[in-house]
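Visitor: I should like to examine one part of this structure closely. Please choose a single element and describe its surroundings in detail.

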Protein chains: 2
Amino acid sequence: MPSFLQTTTRTWSEVEQMLASGDVQGKLAKDDLPTPALCVDLDALEGNIQKMASYAHEKGRALRPHGKSHKCSEIARLTLQAGAVGACSAKLSEAEAFAASGIESILVTTPMVGRHRIERAVRLAGRIADLILVLDHAENADDLNAAAAAAKIQLTVALDLNVTDRTGVAPGPDAVALAEHVARLPHLMLKGIQAYAGHSSHVIGFAERTASSHEAMAPAIATRRALEAKGIPCSWLSGASTGTYNIDGEMDGVTELQPGSYLFMDLDYDCIGSATGDRFDDFANSLTVLSTVYSMPGRDQAILDAGLKAFATDKPFPPVVKGLEGTSYSFAGDEHGRLDVRRASLPVALGDRLELVIPHCDPTVNLYDRIFATRGDQVEAVWRIDARGMSA
Amino acid sequence: MPSFLQTTTRTWSEVEQMLASGDVQGKLAKDDLPTPALCVDLDALEGNIQKMASYAHEKGRALRPHGKSHKCSEIARLTLQAGAVGACSAKLSEAEAFAASGIESILVTTPMVGRHRIERAVRLAGRIADLILVLDHAENADDLNAAAAAAKIQLTVALDLNVTDRTGVAPGPDAVALAEHVARLPHLMLKGIQAYAGHSSHVIGFAERTASSHEAMAPAIATRRALEAKGIPCSWLSGASTGTYNIDGEMDGVTELQPGSYLFMDLDYDCIGSATGDRFDDFANSLTVLSTVYSMPGRDQAILDAGLKAFATDKPFPPVVKGLEGTSYSFAGDEHGRLDVRRASLPVALGDRLELVIPHCDPTVNLYDRIFATRGDQVEAVWRIDARGMSA
């Protein structure tokens, strides 16, 4: 009968040394890892990278995967090797971390407001080949222009268009007016439009999602056309999420896709449905948390060493154990998870190591300092999540 | 009229250098900090530390504040200076971080199950003056004993008693049998009992909370007496949370208190009621997240730079802005918060810096690499949250 027993033959000192040196290939097994451990399955990750890259290539769209999902320069590099044009980062400090690791083309998808953010952004623009900033207020454009002038550089900027009731200038006349304003500022170079319809990404049902994304993106595409009609160059329109990659990627006028979660997938995305079925299985789940049963207070439940500090909890459904049917996990505090094992398909015992699929990948990755890149039972690499915690 | 405008006179380069060197006192203002920033108000923190220390001293109980709340050796040190006997840590890697910073007495409050955890625990026991481990299974006691024998040391252990339907051996005969088993193992030294009634800590209403904690702790105290009646020394019984410090601290038989959240407080604890009123105000709220308004897509809402990656989301209520009545925050994705400002008591504008009180302190602290220790408008110190992410 299969079991979840740890069978490591390594001492902890050996494991610790390998983790410190990073020299793990051919030596370190998943079974050797301290838990809770964030793991990515390389076969699945590589398949996901390849599939999205092929799709974008086939459709003639640029692909700029969003680094807020992985926060890991090593993974950004893998997407670049597969043809991505660069990376997105949500925040400036995240972009600085990617830049420090040699990523040369970065779109920062949130606005640079405040004296220090602008100073940092200008400095970063001087350090990498291609930095794209977004803006949604005229006074912010003025501030960026003044800082760029003082630094004697040009900043590449795009309009952040509000297509999801969050940040951004309203599509249509407001956006055109802002673009005209930007076009008059000598130290800003307007690249185009960012239109990220976050609310569409998780609409359940492909037809419904398609309708939602079309409704959100049509004003963005119309704004792009309106700018071009006014003689304001706007050759770039970046949008799309994992949920809408093959919706926005079919739209005339969208030039760049910025999905992130497709690298890992999670329970949240699993249930939105695909173009062909109820389950969104365009990409494979690659991300798990490995956990240990460290108490069995009775036969009914197993207490795991992974709780609120091991998983983001913003989704209304809990992690799910891989390869073990009939169990249900519930959070049992900061440090503990409770697994109801009364109807478990396999026996669960003290010390067993279970692997859990993650409700929401992005904020969960942000809890860990490193990700273990595994193939089968082996650990091929340990990647530092170098932009973890970089929310500023 | 008061405003939330940033008025810093520092350049980012100056701030960055101060943050890197840690030399901030008398130079760095709260207004200079990059956001989102985790801040602790030193007047409030010091008051909380002193109040709990005085209570424990007056009642003749040892105080061992729980480091899973702060994950910061500097804060552990402040509690030690005020008379705490040591620190608790939830996990072994957390204890290793505290030990590396010179904390010499640590209780690890979760069991050490698995070959590597035991090897690490034995090593840690050899590195600090006083390490206390907990256990709840006989086979785990055997494993710990064997590892201690191999290392030619004695391990100090306590029974983890299940008084909250989580980890632990059942109070009464099961616990006595386990204690007898441990007493026969030559390399384990039984110190006593850990009984942490987590479910009691947030019971609303002081009378109800008192009843809940008495019901949970009575079997623990009875187990202690049963052990002593059998001639098994059990001079130590550690329990209590912030919510039950002045309930468990009055119980005959409880010798040590292990609260953590009292250092910071949060919205969750605010509403449980105190011995004298509806609001639990025994301790002051010291912890906030400083955030910047970085988009105003219309007059009704302000978009903040603090979202799912800036606050733990396990509680059903959102962060609350300090000093600004009539607003409500909602999460707007990984990187954004949405503040409804239609009925705000003060005008809110692009670039404003707002301070938010936190729903749940422990898992929020775990999102940040450093905590800014402030007094009034000034930053007195930058403390590394050196056990952040240490969940293994």
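Guide: In this predicted model, helix 6 of chain A, residues 115-125, is mostly covered, with nine of its 11 residues buried. A residue is counted as buried here when 20 or more other C-beta atoms lie within 10 Å of its own. The buried residues of the helix include charged ones, Arg117(A), Glu119(A) and Arg120(A). The others are His116(A), Ile118(A), Ala121(A), Val122(A), Leu124(A) and Ala125(A).

The cover over these residues comes from both chains. Chain A contributes helix 5 (92-100), strand 5 (130-135), helix 7 (138-150) and strand 6 (155-160), among the elements involved, while helix 1 (12-21) of chain B is also part of the cover.

The contribution from chain B leads to the relation between the two copies. Chain B is superposed on chain A by a rotation of 180° with 0.0 Å of shift along the axis, at an RMSD of 0.0 Å. This is therefore the relation of a two-fold axis. Both copies use the same surface, as 100% of the contact residues of chain B recur in chain A.

In the contact itself, 55 residues of chain B meet 55 residues of chain A. On the side of chain B that touches chain A, at least two residues each are supplied by helix 1, helix 6 (115-125), strand 10 (287-295) and helix 12 (361-365) of chain B. Helix 6 of chain B gives the most to this side, with four residues. By residue type, the side of chain B that touches chain A comprises 20 nonpolar, 21 polar and 14 charged residues.

Notes
Residues numbered from 1 in each chain as written. Chains lettered and ligands numbered in written order. Predicted model: local features only at pLDDT ≥ 70, side-chain atom pairs only at ≥ 80, totals over all residues. Buried ≥ 20, exposed ≤ 12 C-beta atoms within 10 Å, placed from the backbone. Contact = placed C-beta atoms within 7 Å. Least-squares fit on C-alpha atoms with pLDDT ≥ 70 in both.
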